[in-house]
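I opened this entry to keep track of what I looked up, beginning with the ligand and then turning to the sheet and its helices.

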Amino acid sequence: MKWKRVIVWFRNDLRLHDHEALVRAIEHGLEVIPVYVLDNRQFGETSFGFPKTGPYRTKFLLESLTQLRSRLKSVGSDLIVRKGLPEEIIPEIANQYGAGGVYAHKEVTEEELKVEKALEKALFKSGIDVELVWGSTLYHLADLPMPVRSLPEIFTHFRKEVEKFAPVRSTFPTPESIPTPYIENPGHIPSVEDMGMSLVEIDTRAVLDFKGGEIEALERLQTYFWEEDRLREYKETRNGLLGQGYSSKFSPWLALGCISPRHIYKEVKRYEKMRKKNSSTYWLIFELIWRDYFRFVAKRYGNLLFLEGGIKGEYGNWQVDWARFEQWKDGMTGIPFIDANMRELKETGFMSNRGRQNVASFLVKDLRVDWRMGAEWFESTLLDYDVCSNWGNWNYVAGIGNDPRENRYFNVISQAKRYDAQGDYVRHWLPELESLPNGYVHEPYEMYPSELKSYGVSLGGNYPHPIINQAKSARTYARKN
Ligand code: FAD
C-alpha cells in the first residue's frame, strides 16, 4: 500500500546515503516529511549529575543537522527540526500533514526503546504505523548466524562466526530526489547557546577540527583512505596518540550516523582492489566488528550494561569517591600519562583508544572508583559517545563485561613509556613538563619533587596526595614487569 505522506524520523542516522528508512519511506509514500527532534531528555543530567550531552557533542550534532537539512534541500526536500519529546511532536506533525506512517531506524538501549514505545502508543490512537528498520551495524541483525540471545560471550568467537557465515549487505542508494510537501515552518536549528550551554572553542592542540555532517564524514574518509593513503598502515599506527593520521577518527560521524559502516566497508574493499590489501585494511573492518559486537551485546543484555555489576553481575572493589573522581576528570592525578589524556578529553571531547583504555583502567583498578562515574563522564564529554560502545567498553575494562582475561590490568606507567616513548604526547597536553628530561616525564609527580624543582617545573596546580599509594604501586609494578 502506498500512503499519501510518510514521516522519516531521523535519529542516529543523519545522512542520505545507505539509509534504509528513507529509501523505504520513498517507496511507501507519495511524499516524505523528514523530521528530527532534539529530545529534551538527552540534554538533562546523568545519574551522577553531569550534563548528559556536553557542548562539544551538542555543537557537532547541530552542525550535522544543518548539513542534513541542506542535503535534503538539495534533493527537493527539507528537515523539520523541533525541540521537545518525539512521542508528542511526531504525532502532531503526522496529524498536521496527514501522514499515514513513520519510518525510522531502530535503537537497542533502554532510553531509546522507551521513546520508540511511547511513540508507537501515541500514534496507535490515530491509526498511524511505525516501521522501525535495523541500520546501524556492518552486519545486519537478521543475518547473524546465531540468535542474539545466544551471542557468544567472547568477541573472537562472534567475529569468526560472522566473518564465516554472514554477508555484509550492499548499501542503499542515495536518493536523487525526495518529493516533499511545502513545509511552512521547518524550524530553526538552535545554536549551542540556545541549548543553554556556552560555546566552546576546541583547543588548537586537538587531533582534528571535527565538524559534524555527512559531507564532512565522507571527506574525512576521502582524506584518510585516498588522499593521504593512511589505511595502508592503519594497523601499525592505530595505537598512536598525536595528530589526525594515526587512526581514522570516523567515530563521531559513526555515532551520529553521518556515515554508515557499510559505506566504509565498501570503500575498504574498493581500496583493496585499487591500491593494496593487507592486514591494515582488514584491521579497520575488524574494529568495525567490535563496534557491531557491542551493539549486539547491548541488545542481548539490556539494562545489565548500565548496572554496577555489569553484564557478568560481578562487583569489584570500587566506590563512589568524588575526591578521586574529580582528580581524574580534571587531569590532576599526578600521573602524567593519565592527566594528559584526561585534559585532552576535557579540552577537545576526544581521546585515543589507547588513552581510553588506560584512563578507564586507572580509574577503576588503581583509584578504585565506581566505573559508572567514568562511563557517565565519558557519556557527557565524548564527541563520539555511542551508548553501546561506551558502556560495553567500560564493562570490559572494569572486568564485568566480555573480556575473557581475568583481572586485566593496564600498567599505566609502562603503557606510557611504550606508547609515548619520547614523552611528546604528555608534553603536548602538560606543557608544564616541557623542560623535564625523558627519564622523568612519565614518572608520578610525587616521586621526584626535588628533580621537578631543579628543572624549574612548576605544576601550577594543587596536585593531590591521597593517590600517592596508587602511584607508588603503579611504579613498583612497572619496575617489576
Ligand atoms: P579507529 O581506530 O579508526 O577505528 C575505526 C572505528 O572502529 C571507530 O571509529 C569505531 O567506530 C570502531 N572501533 C574501534 N575500536 C573500537 C572499540 N574498542 N569499541 C567499539 N568500536 C570501536 N567508541 C565510540 O565510538 N564511542 C564511545 O562512546 C566509546 N567509548 C569508549 C570507552 C572506553 C572506556 C573505551 C576503552 C573505548 C571506547 N570507544 C568508544 C572505542 C574506541 O576508543 C573509539 O571508537 C576510537 O578510539 C575512535 O577513534 P577512531 O574513529 O579513530 O578509531
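**Ligand surroundings**

I started with the polar contacts and found that an oxygen atom of the ligand is 2.5 Å from an N or O atom in the side chain of Ser247. This is a predicted model, and I read each distance as a computed value from it. For the side chain of Ser248, I noted an N or O atom 2.6 Å from an oxygen atom of the ligand, while in the side chain of Glu287 an N or O atom is 3.1 Å from a nitrogen atom of the ligand. I then looked up how much of the ligand is covered, and the protein takes up 96% of the 820 Å² of accessible area that the ligand has on its own. Going round the ligand, I listed 26 residues that surround it, the closest being Tyr234, Ser247, Ser248, Lys249 and Asn353.

**Sheet and helices**

Next I traced an open sheet of 5 strands, whose order is 3-2-1-4-5 and whose pairing is parallel. At its edges I found strand 3 (80-84) and strand 5 (129-133), each of which pairs on one side only, and I noted a twist that averages 30° from one strand to the next.

Within the sheet, I followed strand 1 (residues 3-10) and strand 2 (residues 29-39), which pair in the parallel sense over 7 bridges, with Val8 standing opposite Pro34 in strand 2. I saw that helix 3 (residues 86-97) packs on the sheet and touches strand 1, strand 2, strand 3 and strand 4 (101-105), its direction making about 155° with that of strand 2. Last, I checked helix 4 (residues 110-124), which lies across strand 1, strand 2, strand 4 and strand 5 and runs at about 155° to strand 5.

How values were computed. Residues are numbered from 1 along each chain as its sequence is written. This is a predicted model: local features need pLDDT of at least 70, side-chain atom pairs count only at pLDDT 80 or more; totals for chains, interfaces and linings use all residues. Side-chain values use heavy atoms; hydrogens and water are left out. Two strands pair if DSSP finds at least two bridges between them. Helices (H or I, at least four residues) and strands (E, at least two) are DSSP runs, numbered from the N terminus. Axes are lines fitted to C-alpha atoms, for helices over the stretch in contact, and angles run from 0 to 180 degrees between N-to-C directions. Contact means heavy atoms within 4.5 Å. A residue is near a molecule or strand if one of its heavy atoms lies within 4 Å of it. A polar contact is a pair of N or O atoms within 3.5 Å; within protein, one must be able to donate a hydrogen and the other to accept it, and residues adjacent in sequence count only if both atoms are side-chain atoms. Accessible areas come from the Shrake-Rupley method with a 1.4 Å probe; for residues, only the protein chains shown count as cover.
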